[in-house]
Amino acid sequence: MHCLVFKDSELHSSLKSIKNKKISIVLDGIAAFETTPFSFGFLNEIDISNTIYLVIDESHSLGVLGKDGNGISELVPKRKNIKVIITSSLGKAFGVNGGVIAGDLSFINLIKKDNLFIGCAGMSPAFLEVFINAQEIYKNQLVKLKTNMEYVYLQLKDNTVITIDKTYPVFFHSDEKIEQILLDKNILITSFYYATSTKKFNRIVLNANHTKAQLDFLINSINIKVK
């Protein structure tokens, strides 16, 4: 049986009533137009007799959210019947050409035997060594990033055309003209028509190495537009 997880913003009635089944739920750590992660409280509404396989794509949350940037899987209720599987690109927050699959040992051993996994090209050993040896650098960069996020949030949180959260380094601007306005000031943002939207997807991304002067220039460039 296949069904939506939610219907009319409520957990689907089928998921509330079934028992002694295996349930697979697949989701992004953060949805495309959101700045906060999904809440996992709905899992407590599913009967504990079911085994739940929760597959989370953490590509937009690993390295940024959670304790020490470990992602949002720590927010999942600690129940024996919930099995968490994580997939993620390492090319976003970590800037490394590779990816990761994580889960309990039995699941990982099964993945290692899968022909599709065996046939895939592995991550460059040089990139992997740099990634492993750079963990302290990543921790320091995360501290700097959080400082930048909070600073920008405090300056833009009252701007009605901005969707922003102080814990996430990505925010959105609803004015479709903002891309060109910022580009004229040599500020490049992500702007395109997303597959499920008729409006442009204007995403502005902060990083740890942005200086206060650069952040102030961005903030002023955005705020001038709405005055």
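# Contacts, strands and selected polar residues

Of the contacts in the protein with a separation of 6 or more, 61% are between residues 24 or more positions apart. The model is predicted. Its secondary structure comes to 7 helices and 10 strands, and the C-alpha trace spans about 60 × 50 × 30 Å along its principal axes. The protein has 227 residues, of which 33% are buried. Its accessible surface comes to about 14100 Å², with 55% of that area belonging to carbon and sulfur atoms. On the charge side, there are 26 positive and 22 negative side chains, and the centres of the two sets lie 3 Å apart.

Strand E8, residues 170–173, is a convenient place to begin with the local detail. Strand E7 (residues 162–163) runs antiparallel to E8 and is joined to E8 by 2 bridges. In this pairing, Ile162 has His173 as its bridge partner. The connection from E7 to E8 is a hairpin through 6 residues. E8 also pairs with strand E10 (residues 200–205), again in the antiparallel sense, over 3 bridges. Here Phe171 of E8 stands opposite Ile204 in E10.

The side chains of E8 follow a general pattern. In a regular strand, side chains alternate between the two faces of the sheet. In E8, Val170 and Phe172 point one way, while Phe171 and His173 point the other way. Which of these residues are buried? All of them are, on both sides of the strand.

Asn81 is a polar residue placed in a loop, between strand E4 (51–57) and strand E5 (82–89). Is Asn81 buried or exposed? Its relative accessibility is 8%, so Asn81 counts as buried, the limit being under 20%. What does the side chain of Asn81 reach? A polar atom of this side chain lies 2.7 Å from the backbone oxygen of Asn50. The side chain of Asn81 also makes a polar contact with the side chain of Arg79, at 3.0 Å. Leaving aside residues up to four places away in sequence, Asn81 touches Asp47, Ile48, Asn50, Thr51 and Ile52. Asn50 therefore appears both among the residues touched by Asn81 and as the owner of the backbone oxygen at 2.7 Å.

Ser221 is another buried polar residue, in this case within a helix, H7 (residues 212–226). Its relative accessibility is 4%, and Ser221 therefore counts as buried. The side chain of Ser221 reaches the backbone oxygen of Phe217 at 2.7 Å. Beyond residues up to four places away in sequence, Ser221 touches Leu182, Lys185 and Ile187.

Two further asparagines, Asn20 and Asn186, have positive phi values. For Asn20, phi is near 55°, a positive value in a residue other than glycine. Asn20 is found in the loop between helix H1 (13–17) and strand E3 (22–28). With a relative accessible area of 63%, Asn20 is exposed, because the limit for that class is over 50%. For Asn186, phi is near 65°, likewise a positive value in a residue other than glycine. Asn186 lies in the loop between helix H6 (178–183) and strand E9 (190–193). Its relative accessibility is 74%, so Asn186 counts as exposed. Both of these loop asparagines are thus exposed, whereas Asn81, also in a loop, is buried.

Terms used:
Residues numbered from 1 in each chain as written. Predicted model: local features only at pLDDT ≥ 70, side-chain atom pairs only at ≥ 80, totals over all residues. Heavy atoms only, no water. Helix = DSSP H or I, 4+ residues; strand = E, 2+ residues; numbered from the N terminus. Buried < 20%, exposed > 50% of the residue type's maximum accessible area, 1.4 Å probe, protein only. Polar contact = N/O pair within 3.5 Å; in protein donor to acceptor, adjacent residues only side chain to side chain. Contact = heavy atoms within 4.5 Å. Areas by Shrake-Rupley, 256 points an atom, 1.4 Å probe, with all protein chains shown as cover. Lys, Arg positive; Asp, Glu negative; His and termini not counted. Charge placed at Lys NZ, Arg CZ, Asp CG, Glu CD. Pairing = 2+ DSSP bridges.
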